[in-house]
Amino acid sequence: MSSRVNNNLRERRQVMKVNQERSRPLPPWMSRMRAQWVEETVSETVKADNCLFGVIIGPGGSTMKELQVKYNIRVLVPRKGSKDEPIIVEGKDKTLVKDAVLRIKALIAEEKERRRVTTPVSQTLCIPKALHGKVIGLKGQNIRPVTQALKIKIKFPNKNDNSDEVTLTGLPDQVDQGISRLLNLVTRFPPCRA
């Protein structure tokens, strides 16, 4: 029984020593270094859609490395599939961090614009059913130059359909030009009398 008591006392002393070592305060020089690091590091965040993270990373991480070297910062991009996590930019110099954030925002804006311009869209235009044949022309002679020049698709409703909706599909700028050309064609014909 006395050996059990002695063993318990030894275990308690060892646990107390371990607890004392853990709670031992940091030396002053180390706490100054830690405080200095926290004070000197500047951090900013940039919100972006997950599908745009690749623009900041670049092929093989080249864009991110370039940013880190040029601005002397660290860029932390969330993992693919993470939701609502921002890109974090850290560094020692506040001006360089701000410049890097501006550059990242510019990269994101450029990519959004590139995708907007290169992503096909569809728009609907209402043209009276009675004018569809005149707008299309004999064997498509009025509409063919528009579709070929602008590289868009124009879909008129079937003859049996009473819809006035004409759908134009293509790149945004070309669709806008196609709408204006169709409206010019429509204005050339006199209004229909029912």
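**Two open sheets, a nonpolar core and a helical salt-bridge network**

Within strand β6, the residue that serves as bridge partner of Ile154 is Leu168. The model in which this pairing is found is a predicted one, in which local features need pLDDT of at least 70 and side-chain atom pairs count only at pLDDT 80 or more, whereas totals for chains, interfaces and linings use all residues. Residues are numbered from 1 along each chain as its sequence is written, and side-chain values use heavy atoms, with hydrogens and water left out.

The chain contains eight helices and six strands, where helices (H or I, at least four residues) and strands (E, at least two) are taken as DSSP runs and numbered from the N terminus. Read from the N terminus on, the elements follow the order α-α-β-α-α-β-β-α-β-α-α-β-β-α. Of the 194 residues in the chain, 27% are buried; here buried means under 20% relative accessible area, exposed means over 50%, and partly exposed lies in between, with a 1.4 Å probe and protein chains only.

The pair Ile154 and Leu168 belongs to the contact between β5 and strand β6 (residues 165–170), which pair in the antiparallel sense over three bridges; two strands are said to pair if DSSP finds at least two bridges between them. In general, strands of a sheet pair through backbone hydrogen bonds, either parallel or antiparallel. Strand β6 also runs antiparallel to β4, to which it is joined by six bridges, and in this pairing Leu125 stands opposite Val166 of β6. Together the three strands form an open antiparallel sheet in the order β4-β6-β5. Because β4 (121–126) and β5 (153–155) stand at the edges with a single partner strand each, one side of each is left without a neighbour in the sheet. Neighbouring strands of this sheet are turned against each other by 20° on average, direction ignored; for such angles, axes are lines fitted to C-alpha atoms (for helices over the stretch in contact), and angles run from 0 to 180 degrees between N-to-C directions. The two faces of β6 can be told apart, since Val166, Leu168 and Gly170 make up a covered face, while Glu165, Thr167 and Thr169 make up an uncovered one.

A further open sheet consists of three strands in the order β1-β3-β2, and its pairing is antiparallel. Here β1 and β2 are the edge strands, each with a single partner, so one side of each has no neighbour in the sheet. The twist from one strand to the next averages 20°. Five bridges hold β1 and β3 in antiparallel pairing, with Glu44 standing opposite Val89 in β3, and four bridges pair β2 with β3, again in the antiparallel sense, with Leu76 standing opposite Ile88 in β3. Strand β2 has a covered face of Ile73 and Val75 and an uncovered face of Arg74 and Leu76.

The largest nonpolar core has 18 residues, among which Ile73, Val89 and Ile104 touch the most other members; such a core is a set of buried Ala, Val, Leu, Ile, Met, Phe, Trp, Tyr and Cys residues joined through side-chain atoms within 4.5 Å. At least two residues of this core are supplied by each of β1 (42–46), α3 (53–57), α4 (62–71), β2 (73–76), β3 (87–91) and α5 (94–118). Helix α5 gives the most, with six residues. In soluble globular proteins, nonpolar side chains tend to be buried together.

The structure also holds six salt bridges, a salt bridge being a side-chain nitrogen of Lys or Arg within 4 Å of a carboxyl oxygen of Asp or Glu. Glu111, Arg114 and Arg115 are linked in a network of such bridges, in which the side chains of Arg114 and Glu111 meet at 2.7 Å, N to O, and those of Glu111 and Arg115 meet at 2.8 Å, N to O. Arg114 and Glu111 both lie in helix α5, three residues apart, about one turn of the helix. Within this network Glu111 is buried, with a relative accessible area of 13%, whereas Arg114 is partly exposed at 44% and Arg115 is partly exposed at 30%. Arg116 forms a salt bridge with Glu113, the closest N and O atoms being 2.9 Å apart.
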